[in-house]
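I opened my notebook to look up a few things in this structure, one entry at a time. Here is what I wrote down.

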Amino acid sequence: MHGRLKVKTSEEQAEAKRLEREQKLKLYQSATQAIFQKRQAGELDESVLELTSQILGANPDFATLWNCRREVLQQLEAQKSPEELAALVKAELVFLESCLRVNPKSYGTWHHRCWLLGRLPEPNWARELELCARFLEVDERNFHCWDYRRFVAAQAAVPPAEELAFTDSLITRNFSNYSSWHYRSCLLPQLHPQPDSSPQGRLPEDVLLKELELVQNAFFTDPNDQSAWFYHRWLLGRADPQDALRCLHVSRDEACVTISFSRPLLVGSGTETLLLVADQSPLIVEWRTPDGRNRPSHVWLCDLPAASLSDQLPQHTFRVIWTAGDAQKECVLLKGRREAWCRDSATDEQLFRCELSVEKSTVLQSELKSCKELQELEPENKWCLLTIILLMRALDPLLYEKETLQYFQTLKAVDPMRAAYLDDLRSKFLLENSVLKMEYAEVRVLHLAHKDLTVLCHLEQLLLVTHLDLSHNRLRTLPPALAALRCLQVLQASDNSIESLDGVANLPQLQELSLCNNRLQQPAALQSLASCPRLALLDLQGNPLCQEGGILDHLAKLLPSVRSILT
Amino acid sequence: MADNLPTEFDVVIIGTGLPESILAAACSRSGHRVLHVDSRSYYGGNWASFSFSGLLSWLKEYQQNGDTEEETAAAWQDLIHETEEAIALCKKDETIQHTEVFCYASQNSGDSVHEIGALQKNASSVASSTFTEPLPSAELPEERHSYVTNNEMPAKHASESDSKISVEEGDVEESPEKEKYCGDKTCIHPGSDGDKVENKPIVDDDNNQLKRNVITYHQMVQESRRFNIDLVSKLLYSQGSLIDLLIKSNVSHYAEFKNVTRILAFREGKVEQVPCSRADVFNSKELTMVEKRVLMKFLTFCLDYEQHPGEYQDFQQCLFSEFLKTKKLTPNLQHFILHSIAMTSESSCTTLDGLKATKNFLQCLGRFGNTPFLFPLYGQGEIPQCFCRMCAVFGGIYCLRHTIQCLVVDKESRRCKAVIDRFGQRINADYFIVEDSYLNKETCSDVQYKQISRAVLITDQSILKADSDQQISILIVPPVEPGASSVRVIELCSSTMTCMKDTYLVHLTCESSKTAREDLESVVKKLFTPLTETEVDKEELRKPSLLWALYFNMRDSSGVSRSSYCGLPCNVYVCSGPDSGLGSEHAVKLAETMFQEIFPSEEFCPPPPNPEDIIFDGDDKQADAPGTHTTTVANLESPEESKKLESPLQS
């Protein structure tokens with residue numbers, strides 16, 4: 001019968017396909033070669049545009065060729081008339097769009113579009129916004145396109161409210177969309193600027209409550225979707241603590257001034273400038289970090305010139321001025337006193353709540369309530385458990401301490417993959433609580449024994465501590481940051497798993513150190529102790545290195561100034 | 001013309017309903033010579049869709065109760081040889097009963113002409129004034145016998161700029177009822193967001209800004225062609241076997257679809273939207289946070305319930321409704337799941353069946369949109385026609401209005417050899433496929449049929465108002481007394497190309513227990529009020545008004561087993577008419593099973609070859625045939641053709 005379709009066999013098809021591929025490869029290679037030759041010869045003309053478009057049209061990820069095109073376009077800009085240029089640009093935009101259709105996630109293509117639009121005298125931003133909308137319609141999570149949209153919106157000065165409505169519409173379609181939530185976090189502070197006095201980036205309460213409801217809808221619908229939880233976390237606490245000088249300490253014995261910042265900084269010429277004024281006259285001093293490495297650090301110290309301290313005068317006034325941070329601290333060293341200090345209290349400043357920094361505790365309370373409700377329905381949801389812990393800390397770390405520890409236990413059971421992270425987080429919270437308790441008690445003794453600590457943090461807050469008990473924990477090291485404890489006299493760190501003592505160095509006041517039942521293997525690990533001038537008592541019982549023959553002699557040689565070493 | 005009809009075929013198919021059309025496409029695609037006939041003047045049998053006037057004519061035909069018996073039929077008794085016997089086919093269609101029509105819209109045509117004339121200044125007024133007859137008589141064209149050969153059909157396709165090709169075009173007689181506004185069709189390219197497409201008859205543009213315009217009967221008749229009223233009301237499950245078949249066979253290229261936009265529930269006298277997808281739950285303002293979680297949790301469980309036998313094992317034999325009560329679901333959520341998502345019966349569905357149904361619903365979500373269903377633009381009647389087109393492209397021959405008088409059976413082999421048509425022509429074939437309604441009373445004497453109750457309503461507004469008035473909704477109304485059948489309501493908006501602007505086409509379907517009106521009227525009264533002249537004060541609270549209503553019962557032959565028919569030769573296969581189910585799964589399964597019985601070694605509707613893989617036959621006598629064929633196939637491939645039924649890219 002006529003008219004019936006006859007179809008090639010599969011062998012014929014395969015052969016045809018193979019030939020086609022071979023042909024394609026040949027073309028691709030010859031075009032690439034031609035482009036590179038022309039580039040080398042400096043022939044940057046329209047023929048290069050034509051050749052590169054052949055290849056980029058098929059493979060938009062060939063970054064070098066985009067560079068070639070930019071070189072050509074720059075060259076042509078100088079040679080062509082405005083009309084010719086306009087035609088060129090128009091063609092380029094159309095070509096870019098066709099490349100984006102080939103691969104909507106090509107870095108090179110989006111970048112080239114940015115570059116091109118940035119050079120145009122009168123770019124058509126409305127068209128670009130429409131392009132973004134169309135690409136996001138197809139794939140609402142294409143972050144390349146989101147990036148480009150932010151660029152366009154910024155250039156075209158699109159009102160933030162319009163962009164916010166756009167994110168609304170995409171979140172309505174599918175709320176698993178990091179890009180969309182993130183964009184909200186950029187737009188909302190722009191839409192609701194806060195007065196200068198309040199912390200940057202916070203939202204007015206009514207806006208905040210509306211956002212919280214939206215994000216709650218998301219995590220009640222799908223509590224395993226991370227994007228909503230991350231946005232929730234941003235809503236509750238994204239304000240960075242303000243830069244501050246936290247503490248100033250002056251020691252007569254060491255003739256030394258120590259300060260601590262709220263964040264690691266690099267002090268020195270050309271970076272942050274610190275002025276030290278003693279009794280109204282500025283002193284020229286050399287700032288250094290406790291470990292002597294002079295890298296960005298919370299804690300900086302300097303030696304005082306001998307002339308600046310006198311036992312005869314009734315008092316000395318020291319003032320440190322941090323010009324860039326617009327902060328200063330002052331303290332008075334009285335006659336007969338060995339030290340003086342001035343510091344911000346962790347309790348007053350609610351120092352450790354900054355990770356969730358919504359001031360209104362009613363908001364936090366209601367968030368805690370709904371999270372607990374969710375947790376009842378989803379007892380094994382890790383995001384919910386973690387958020388509950390964070391909310392409790394923001395509300396009152398000491399009041400909720402016991403409950404928090406229970407949630408940590410549940411969380412570790414449901415999320416064993418992150419057990420070590422959770423141990424460290426737990427250690428951090430316990431340490432913060434202990435610091436708060438110490439400050440309430442107005443003592444300089446910090447008890448951290450039997451707390452299952454795995455890591456030490458916030459050591460810069462412990463500048464004034466004289467006695468520190470770390471025994472019966474799970475510490476594996478005494479970290480370099482421990483060198484910040486300039487006043488430490490007694491350090492108990494028995495019954496841990498300590499292998500290294502890097503942090504126990506240059507501690508001017510340290511007299512006693514217990515390290516019983518740890519994992520110190522080599523006498524060399526104790527090398528750093530030699531830099532602690534007053535160390536008199538060292539207890540090393542129950543460490544592997546005690547088994548070595550002649551260990552006492554060895555140690556006596558290594559640490560000649562230590563009066564008593566127990567092995 | 002009749003002389004030209006070949007007399008040798010491999011397969012003769014009688015009836016152009018969905019299963020028959022799928023079989024026709026499958027057989028033709030496999031290279032068998034197919035003759036596909038229907039005694040009616042339109043495609044689809046009881047699966048057809050009609051314009052408003054077309055439906056009126058259709059009704060008239062049933063109400064006249066078979067007076068149409070033609071006088072010209074040639075005597076066939078003389079044509080039977082001695083070694084043969086004949087099985088006569090039924091001359092009268094008895095599948096439709098109890099038709100009742102109610103018109104609430106104003107029938108005063110003078111009024112409406114005046115109104116239209118007063119409101120419109122452009123060409124439309126000309127259109128309205130040229131229309132003089134308020135009630136057109138049946139527009140069935142005069143009897144004329146015609147058929148299409150395979151090579152003519154593609155040639156027509158190639159010459160068409162219109163992306164939408166309807167099977168009637170070409171040499172097949174055009175029935176005016178089925179003709180559509182071609183100008184409209186070309187401009188419709190629904191994207192993923194179907195809301196944007198709107199059927200905008202130019203005529204009505206000036207009316208846009210006016211207050212609620214009461215549609216008159218006259219207007220409905222005038223705009224008759226805007227209507228495509230389905231006899232069976234069905235939807236396509238996005239992951240159902242019909243969609244899979246449409247995609248696999250490329251038949252999808254002939255049709256366009258829209259997503260059903262809303263799943264509704266009727267609870268405590270109120271229509272509300274059922275949140276069923278993740279996005280719906282997230283956006284719902286009605287559910288509390290906890291309800292959101294509980295619902296999502298239950299739905300997620302249903303998606304892979306087989307993996308959690310512990311959750312339902314103890315309830316396997318219990319009622320699904322009882323099982324739901326143990327799941328902390330609030331009453332509204334239980335209602336949503338039972339009636340709107342699983343769409344099962346409260347008093348008879350077991351837990352296992354309920355879970356299966358829920359899973360099926362959920363698996364269909366998200367493939368093409370936020371609900372699990374698709375609706376074919378221009379009505380359900382398009383689907384059988386699409387398969388017919390595929391059949392024709394591969395050489396099948398079509399004859400409408402072609403009555404087959406009898407099957408000729410060889411006495412010795414007990415096989416059917418041929419059929420004799422109304423012109424007394426004998427047509428030989430190896431296999432015969434006959435739709436149930438064509439079989440005579442003797443053959444069906446032992447058959448017990450079920451019935452489907454149907455109502456077709458034309459209303460003036462949606463049963464649930466929303467931001468957009470272009471919504472396609474499905475609503476299940478549970479029975480008042482337990483044990484009765486629930487009523488399925490499908491509301492179509494004008495952008496589905498099934499009704500005129502400012503109206504909604506509402507289909508009600510249930511399994512019959514009495515006549516259609518008795519079965520369905522109570523639900524109609526709950527949801528709608530008859531159109532009244534006086535405006536109700538509170539426009540917001542007003543129920544939608546009925547403009548026009550039709551009730552009828554349709555035979556449901558889907559449950560009939562082959563062995564119930566007496567005396568049929570083994571090479572005669574029977575296709576059933578439409579079933580009452582929501583999807584067309586039954587028809588697809590029937591066609592596939594039958595095809596595999598007839599041609600066990602052949603693939604069922606394989607994808608057509610790529611255009612570049614086609615080699616043209618040197619024997620082809622037609623000089624222009626090669627070009628014709630390429631364009632045909634290329635035409636099928638062109639993206640403008642339709643909303644492509646492919647899984648959206650997962651990001």
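**Entry 1: aromatic rings**

I started with ring pairs, and I counted 36 aromatic pairs over all chains in this predicted model. I then picked out F320(B) and F323(B), which have ring centres 6.4 Å apart and planes at 20°, so I noted the pair as stacked. Where do F320(B) and F323(B) sit in the chain? I found them three residues apart in helix α12 (residues 320-325) of chain B, so about one helical turn separates them. I also checked their surroundings: F320(B) is buried, with a relative accessible area of 0%, and F323(B) is buried with a relative accessible area of 0%.

Next I looked at Y431(B) and F599(B). Their ring centres lie 5.5 Å apart with the planes at 75°, so I wrote this pair down as edge-to-face. This pair links distant parts of the chain, 168 residues apart. I located Y431(B) in strand β16 (residues 431-435) of chain B, and F599(B) in the loop between α17 (585-598) and β24 (614-615) of chain B. Is F599(B) buried or exposed? I read a relative accessible area of 8%, so F599(B) is buried.

In chain A, I came across a cluster that ring pairs hold together: W110(A), W125(A), F135(A), Y148(A) and F151(A).

**Entry 2: a loop residue in chain A**

W125(A) from that cluster led me to A157(A). The two are 32 residues apart in sequence and 9.6 Å apart in space, C-alpha to C-alpha. I found A157(A) in the loop between α7 (143-155) and α8 (160-173) of chain A. A157(A) has a relative accessible area of 60%, so I marked this residue as exposed, the cut-off being over 50%.

**Entry 3: charges over rings**

Which ring does the charged end of R278(B) sit over? I found that ring to be F175(A), with the charged end 4.1 Å from its centre. I noted another case within chain B, where the charged end of R555(B) sits over the ring of Y449(B), 4.0 Å from its centre.

**Entry 4: salt bridges**

How many salt bridges does the structure hold over all chains? I wrote down 63.

I looked at R18(A) and E15(A), whose side chains meet at 3.1 Å, N to O. They are three residues apart in helix α1 (residues 10-40) of chain A, so about one helical turn lies between them. R18(A) is partly exposed at 41% relative accessible area, and E15(A) is partly exposed at 39%.

Then I turned to K372(A) and E403(A), which form a salt bridge at 3.1 Å, N to O. K372(A) is in helix α13 (residues 361-377) of chain A and E403(A) in helix α15 (residues 401-414) of chain A, so the pair ties together parts 31 residues apart in sequence. I found K372(A) partly exposed at 27% relative accessibility and E403(A) partly exposed at 28%.

In chain B, I noted a salt bridge between K92(B) and E94(B), with the closest N and O atoms 3.9 Å apart. K92(B) is partly exposed at 35% relative accessibility, and E94(B) is partly exposed at 31%.

I also traced a network in which salt bridges share partners, joining E97(A), R101(A), R113(A), R127(A), E128(A) and R134(A).

**Entry 5: domains of chain B**

Finally, I looked up how chain B is divided: domain 1 covers 8-94 + 379-447 + 560-598, and domain 2 covers 277-364. I noted that the C-alpha centres of these two domains of chain B lie 42 Å apart.

Key
Residues numbered from 1 in each chain as written. Chains lettered and ligands numbered in written order. Predicted model: local features only at pLDDT ≥ 70, side-chain atom pairs only at ≥ 80, totals over all residues. Heavy atoms only, no water. Domains from an automatic or database assignment. Helix = DSSP H or I, 4+ residues; strand = E, 2+ residues; numbered from the N terminus. Buried < 20%, exposed > 50% of the residue type's maximum accessible area, 1.4 Å probe, protein only. Phe/Tyr/Trp six-rings, centres within 6.5 Å; stacked < 30°, edge-to-face > 60°. Lys NZ or Arg CZ within 6 Å of the ring centre and 35° of its normal. Salt bridge = Lys/Arg side-chain N within 4 Å of Asp/Glu carboxyl O.
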